[in-house]
Amino acid sequence: FTLRGVVSTVIICHDERYPEFVRLPAIAGARVVYYISHESGMKQEEKLPGYRAQMMARAVENQMFAVAANAPGNVADNSGSHGQSRIIKDDGNVLTEASIYGEDVLTETLHIRPGRLRRPLEGVTAEWWRQGLAQLERDRNKPLD
């Protein structure tokens, strides 16, 4: 989809574990991925570094910005998720990040370069990605039921 003239895509929760869900839209021209989640709870803190690393990896490997929205934790009983919504630059660095417990609103000016990810269209996987792009284009033109 296009938002304010920028081709974008969205993934939800567990989708972050699948690089292809961001790679294909990046090849198709997406420059921002929006990630909506309620990642692991506060009592599963051993999972937190992996969740953090996965979205940073999706950003840098696809040269696109990532806007990650995650539910905050609950101070009273340490339930809920772990917050830390963040905006990640296309080089994988975190531009801004929310707190763990607060219902913070993040804003950032993104300096988006036009273009699309071309590298996967070369080499041994090129045909596979081209077929994915063709399917994406067919699906884009299908009427919704």
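**A chat about α1 and its surroundings**

Me: Which residues in α3 do Glu20, Arg23, Leu24 and Ile27 in α1 meet?
Reply: Keep in mind that this is a predicted model. Contact here means heavy atoms within 4.5 Å. By that test, the four α1 residues touch a set in α3: Trp128, Trp129, Gly132, Leu133 and Leu136.

Me: So are α1 and α3 roughly parallel or roughly perpendicular to each other?
Reply: Two packed helices are described by the angle between their axes and the distance between the axes. Here α1 (residues 20–27) and α3 (residues 126–140) have axes 10 Å apart, at an angle of about 80°. Angles of 65 to 115 degrees get one label, so this pair counts as roughly perpendicular.

Me: How many of the eight residues of α1 are buried?
Reply: Buried means under 20% relative accessible area. Val22, Arg23, Leu24, Pro25, Ala26 and Ile27 make that cut, and their cover includes β2, β3 (32–37), α2 (48–62) and α3. The helix is largely enclosed by the rest of the structure, because its buried residues number six.

Me: Which residue with a positive phi follows α1?
Reply: Just look past the end of the helix. The phi there is near 115°, and the residue is Gly29.

Me: β2 is part of that cover, so is its Ile12 buried or exposed?
Reply: Ile12 sits in β2, which covers residues 6–12. On the surface, Ile12 joins Phe1, Leu3, Val10 and Ile36 in a nonpolar patch with about 470 Å² of accessible area together. Anything over 50% relative accessible area passes the cut-off, and Ile12 has 51%, so Ile12 is exposed.

Terms used: Residues are numbered from 1 along each chain as its sequence is written. This is a predicted model: local features need pLDDT of at least 70, side-chain atom pairs count only at pLDDT 80 or more; totals for chains, interfaces and linings use all residues. Side-chain values use heavy atoms; hydrogens and water are left out. Patches are made of residues with over 30% relative accessible area and no salt bridge: like charges are joined within 9 Å, nonpolar side chains (Val, Leu, Ile, Met, Phe, Trp, Tyr) within 5 Å. Accessible areas come from the Shrake-Rupley method with a 1.4 Å probe; for residues, only the protein chains shown count as cover. A salt bridge is a side-chain nitrogen of Lys or Arg within 4 Å of a carboxyl oxygen of Asp or Glu. Helices (H or I, at least four residues) and strands (E, at least two) are DSSP runs, numbered from the N terminus. Buried means under 20% relative accessible area, exposed over 50%, partly exposed in between (1.4 Å probe, protein chains only). Axes are lines fitted to C-alpha atoms, for helices over the stretch in contact, and angles run from 0 to 180 degrees between N-to-C directions. Angles under 35 degrees count as roughly parallel, over 145 as roughly antiparallel, 65 to 115 as roughly perpendicular and the rest as oblique.
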